[in-house]
Amino acid sequence: MIYTLKNGREIDTASQLSFDERNFLQKMMIYQHLGMKRRDFAGRWRREGNPVWQGPETLASQRPVVLILLDMEQSLSGQEDG
């Protein structure tokens, strides 16, 4: 699958992500599709126990999977917790 970020950059998930990262990303895509609130979405991946999160420095990472998750999270920005 080719994922296109909002800035136009394309990421080939088949070649640029590990198997574990792809599986985790698929789960997060379901949450995004269900319209999860941004804070809840962030809480799902910004924690120990998943193949992506490596502590707060992960947010500054340029790893393709992190760029995709941040892009997905940003798409939920209009859905604030209420």
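Contact here means heavy atoms within 4.5 Å. The legends below describe a predicted model.

**Figure 1. Overall fold of the predicted chain, with 4 helices and 2 strands.** From the N terminus onward, the elements follow the order β-β-α-α-α-α. The radius of gyration is 12 Å, close to the 12 Å given by the globule rule for 82 residues, so the chain is as compact as a globular protein of that length. The C-alpha trace extends over about 40 × 30 × 20 Å along its principal axes. Among contacts between residues at least 6 apart in sequence, 55% join residues at least 24 apart.

**Figure 2. Surface and charge of the chain.** The accessible surface amounts to about 5000 Å², and carbon and sulfur atoms account for 49% of this area. Of the 82 residues, 35% count as buried. The chain carries 11 positive and 11 negative charges, whose mean positions lie 3 Å apart.

**Figure 3. The largest nonpolar core, comprising 19 residues.** Within this core, the residues that touch the most other members are Met28, Phe41, Trp45, Val52, Ile68, Leu69 and Met72. Two or more residues are contributed by each of α2 (19-33), α3 (38-45) and α4. The greatest contribution is that of α4, with 6 residues. In soluble globular proteins, nonpolar side chains tend to be buried together.

**Figure 4. Surroundings of Trp45, one of the core residues that touch the most other members.** Leaving aside residues up to four places away in sequence, Trp45 touches Phe24, Met28, Asn50, Val52, Trp53, Thr58, Leu59, Val66, Leu69, Leu70 and Glu73. Among these partners, Met28, Val52 and Leu69 are likewise listed with Trp45 among the core residues that touch the most other members.

**Figure 5. Glu73 in helix α4 (residues 64-75).** The relative accessibility of Glu73 is 5%; because buried means under 20% relative accessible area, Glu73 counts as buried. Beyond residues up to four places away in sequence, Glu73 touches Arg38, Phe41, Ala42, Trp45 and Arg46. Of these partners, Phe41 and Trp45 also appear among the core residues that touch the most other members. Arg22 is separated from Glu73 by 51 residues in sequence and by 16 Å in space, C-alpha to C-alpha.

**Figure 6. Gly49 in the loop between α3 and α4.** Gly49 has a relative accessible area of 80% and is therefore exposed, the cut-off for this class being over 50%. Between Gly49 and Ile30 the C-alpha to C-alpha distance is 18 Å, and the two residues are 19 apart in sequence. Gly49 is thus exposed at 80%, whereas Glu73 is buried at 5%.

Note on methods: Residues numbered from 1 in each chain as written. Predicted model: local features only at pLDDT ≥ 70, side-chain atom pairs only at ≥ 80, totals over all residues. Heavy atoms only, no water. Rg over C-alpha atoms; globule rule 2.2 N^0.38 Å. Buried < 20%, exposed > 50% of the residue type's maximum accessible area, 1.4 Å probe, protein only. Areas by Shrake-Rupley, 256 points an atom, 1.4 Å probe, with all protein chains shown as cover. Lys, Arg positive; Asp, Glu negative; His and termini not counted. Charge placed at Lys NZ, Arg CZ, Asp CG, Glu CD. Core = buried A, V, L, I, M, F, W, Y, C linked by side-chain atoms within 4.5 Å.
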